[in-house]
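Trainee: Could you walk me through how the labels on this model get assigned? I'd like the reasoning behind each one.

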Amino acid sequence: MTDQTYTLEVSPPTARYATARDYFELLKPRIMGLVVFTALVGLIAAQSITGLVLDPVLAVVGVLAVALGSGAAGAINMWYDADIDAVMTRTSTRPIPAGIVPREEALSLGLILSFVAVLLMWMATTVLAAALLAFSIVYYGWFYTMVLKRRTAQNIVIGGAAGALPPVIGWAAVTGTAPLDAWLMFAIIFFWTPPHFWALSLVAHKEYEKAGVPMLPVTSGTKRTRFEMFVYSLVLLPVALAPVATGLGGMIYGVSALLLGAIFAAMCFSIMNSSVGDDLSDAPARKRALGLFAFSILYLFTLFAVLLVEHAFGLHYQVGAF
């Protein structure tokens with residue numbers, strides 16, 4: 001891939017001022033929602049398994065800190081990637097490339113929220129939780145955004161660690177520790193991230209190529225991407241079942257992980273043996289890739305929702321582990 005240089009194309013002055021919604025969009029609220037949810041599951045599971053109870057008010061503050069930290073990382077990402085966002089059709093309407101919010105304001109928002117988030121976590125919970133939250137912000141805002149994304153096709157694989165940390169942070173907020181069960185939840189999200197994101201990149205790889213971002217379909221082709229998605233789905237299957245062996249997940253979780261994992265792997269296998277991504281004008285193929293992307297979100301949400309229900313209502317103790 002040839003090196004290309006792009007400059008930020010700022011739209012002409014808009015007829016309106018930036019609204020609270022515009023600034024909220026800088027925080028990547030859809031990502032924030034999943035981050036907060038998985039952190040909450042880690043927090044609830046830690047209380048259920050260890051018997052330690054975090055004061056409800058402090059728990060709310062801790063979850064709020066995770067939300068602010070996620071938003072902070074998102075704003076820093078939006079600030080740095082404004083040139084890429086301006087080139088890609090999918091992101092060109094974001095607040096910065098649309099000329100609604102100045103780049104420096106996005107950076108200021110990200111830095112301020114980072115400080116507030118880590119401070120709140122430290123005051124309300126534990127030093128380890130605050131340290132992990134700070135690390136996750138730096139990892140996503142600097143290491144993934146500024147180092148990995150524009151330099152390696154493994155950006156999503158390595159960078160996925162940032163999005164996998166929230167349940168560990170939630171657990172550490174209660175206990176001040178990060179045991180195996182917390183890292184099993186981390187591993188599920190970590191191995192889920194590549195096939196999840198590559199499903200989207202299959203239908204957007206020309207956009208990434210135009211922006212000079214070395215996503216796997218750009219550097220290695222769509223066939224290689226489809227193959228690696230299937231491999232990751234196979235690895236994810238036993239990883240997602242591992243919590244049953246430790247007692248983190250009960251029978252309900254185990255059955256859910258097995259069924260959902262089998263469906264996910266089957267969908268990735270079907271995509272692997274297709275031409276999805278080869279012809280971007282092929283509407284049915286595009287629909288299949290986006291369908292897998294949507295299912296992957298349902299997959300992760302359902303797994304963690306089952307864990308939440310089991311631990312919130314003590315069901316993992318009632319049914320036991322395998």
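Mentor: Sure; keep in mind that this is a predicted model. Let's start with E228, which is buried at a relative accessible area of 13%.

Trainee: What makes E228 buried rather than exposed?

Mentor: Buried means under 20% relative accessible area, and E228 has 13%, so the label follows. As for its surroundings, E228 lies in helix 11, residues 222–246. Leaving out residues up to four places away in sequence, E228 touches W198 and L216.

Trainee: How far is E228 from L132 in sequence and in space?

Mentor: They are 96 residues apart in sequence, and their C-alpha atoms are 29 Å apart.

Trainee: Why does S70 count as buried?

Mentor: Its relative accessibility is 15%, and the cut-off is under 20%, so S70 counts as buried. S70 sits in helix 3, residues 56–80. Not counting residues up to four places away in sequence, S70 is in touch with L27, I31, M32 and V35.

Trainee: And A199, is that one buried or exposed?

Mentor: Buried: A199 has a relative accessible area of 1%, and the label needs under 20%. A199 is part of helix 9. Apart from residues up to four places away in sequence, A199 touches M229, A289, L292 and F293. Also, A199 and G291 are 92 residues apart along the chain, with 8.7 Å between their C-alpha atoms.

Trainee: On to helix pairs. Why are helix 9 and helix 13 called roughly antiparallel?

Mentor: Helix 9 (residues 180–211) and helix 13 (residues 283–312) pack at an angle of about 165°. Angles over 145 degrees count as roughly antiparallel, so this pair gets that name. Their axes are 7 Å apart, and helix 9 passes helix 13 in a left-handed crossing.

Trainee: Which residues make that contact?

Mentor: On the helix 9 side they include M185, W192, H196 and A199; on the helix 13 side, R286, S296, Y299 and L307 are among them. By class, this contact of helix 9 with helix 13 has 17 nonpolar, 2 polar and 1 charged residues.

Trainee: How do helix 9 and helix 12 cross?

Mentor: The axes of helix 9 and helix 12 (residues 251–272) cross at roughly 30° and come within 13 Å. Angles under 35 degrees count as roughly parallel, so that label fits here. Helix 9 passes helix 12 in a left-handed crossing.

Trainee: Which residues meet there, and what classes do they belong to?

Mentor: From helix 9, I188, W192, P195 and L202 meet Y253, F264, C268 and I271 of helix 12. The class count for this contact is 8 nonpolar, no polar and no charged residues.

Trainee: How do you know that the length of helix 2 agrees with what a helix should span?

Mentor: Helix 2 (residues 29–50) has 22 residues, and at 1.5 Å a residue it should span 32 Å. Its end C-alpha atoms are 31 Å apart, so the two agree. Just after helix 2, G51 takes a positive phi of about 85°.

Trainee: What does the span check say for helix 13?

Mentor: Helix 13 has 30 residues and should span 44 Å; its end C-alpha atoms are 43 Å apart, which agrees.

Trainee: Which residue just after helix 13 takes a positive phi?

Mentor: That's G314, with a phi of about 70°.

Conventions
Residues numbered from 1 in each chain as written. Predicted model: local features only at pLDDT ≥ 70, side-chain atom pairs only at ≥ 80, totals over all residues. Heavy atoms only, no water. Helix = DSSP H or I, 4+ residues; strand = E, 2+ residues; numbered from the N terminus. Buried < 20%, exposed > 50% of the residue type's maximum accessible area, 1.4 Å probe, protein only. Contact = heavy atoms within 4.5 Å. Axes fitted to C-alpha atoms, helices over the stretch in contact; angles between N-to-C directions. Parallel < 35°, antiparallel > 145°, perpendicular 65-115°, else oblique. Left-handed = near helix turned anticlockwise from the far one by under 90°. Nonpolar A, V, L, I, M, F, W, Y, C, P; charged D, E, K, R; others polar. Expected span 1.5 Å × (residues − 1).
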